[in-house]
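Work through the exercises below with the sequence and the 3D view open. Each task is followed by a stepwise solution.

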Amino acid sequence: MINLNINDKSVQFDGDENMPLLWYLRDDLRLTGTKFGCGIAMCGACTVHLDGKPVRSCQTPMIQTQGKNVTTVEAVNAIQVGAQIQRAWQDLDVVQCGYCQSGQIMSATALLMEKIAPSDADIDAAMGGNVCRCATYVRIRAAIHLAADRLQTEAGKK
Ligand code: FES
Ligand code: FES
């Protein structure tokens, strides 16, 4: 039995401990905001937070979630940074088809949780594993800077 928290709810998983977390989220819990893209940790569409760090849920076996906190895009707005990221995404109209965007938002939120004023190089390093076939990269970078500015203003650092 694997005990973990998903979006602040305690859950118990009683299945194959090698099953990817992504399958559990989408197929068992119906948290379908997290997307399946490549299945081999190459696209970032399946990114969620494991204890606040971005991970590829398609390559995270359930055994690695024991005792951990998982956050998915469905609950990212409960985090102050996540709410600002989503607001900036809307204000700058980042999304095109949308398929990659859950993963983009989770990676961007993790970046700003670590670093409140990232440089372009920081953004490129943090977001490099999140592929967007619609090439929304310029708007993603602008939205991260906008969210960072707003967070710094809220924190009295601007
Ligand atoms: S589906 Fe997990 S990285 Fe592509
Ligand atoms: S918005 Fe279409 S793949 Fe990124």
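**Exercise 1.** Which residue forms a salt bridge with K53, and how far apart are the closest N and O atoms?

*Solution.* Start with the ground rules. This is a predicted model: local features need pLDDT of at least 70, side-chain atom pairs count only at pLDDT 80 or more, and totals for chains, interfaces and linings use all residues. Residues are numbered from 1 along each chain as its sequence is written, chains are lettered from A and ligands numbered from 1 in the order in which they are written, and side-chain values use heavy atoms, with hydrogens and water left out.

Step 1. Apply the criterion: a side-chain nitrogen of Lys or Arg within 4 Å of a carboxyl oxygen of Asp or Glu.
Step 2. The partner of K53 is E114, with the closest N and O atoms 2.6 Å apart.
Step 3. Side chains of opposite charge can pair when their charged atoms come close.

**Exercise 2.** Count the salt bridges in the whole structure, then place the E114–K53 pair along the chain.

*Solution.* Step 1. The whole structure holds five salt bridges.
Step 2. E114 lies in helix α3 (residues 101-114) and K53 in strand β4, so defined as DSSP runs (helices H or I, at least four residues; strands E, at least two) numbered from the N terminus.
Step 3. The two residues are 61 apart, so the pair links distant parts of the chain.

**Exercise 3.** Describe the contact between the two domains.

*Solution.* Step 1. Set the bounds: domain 1 covers 2-71 and domain 2 covers 76-154, from an automatic or database domain assignment.
Step 2. Count residues in contact (heavy atoms within 4.5 Å). Domain 1 gives 16 and domain 2 gives 14.
Step 3. Take the buried area, the accessible area (1.4 Å probe) lost on putting two parts together, summed over both. The domains bury about 1,100 Å², 54% of it on carbon and sulfur atoms.
Step 4. Count the salt bridges between the domains: one.

**Exercise 4.** What order do the elements follow, starting at the N terminus?

*Solution.* Step 1. Tally five helices and five strands.
Step 2. Read the order: β-β-α-β-β-β-α-α-α-α.
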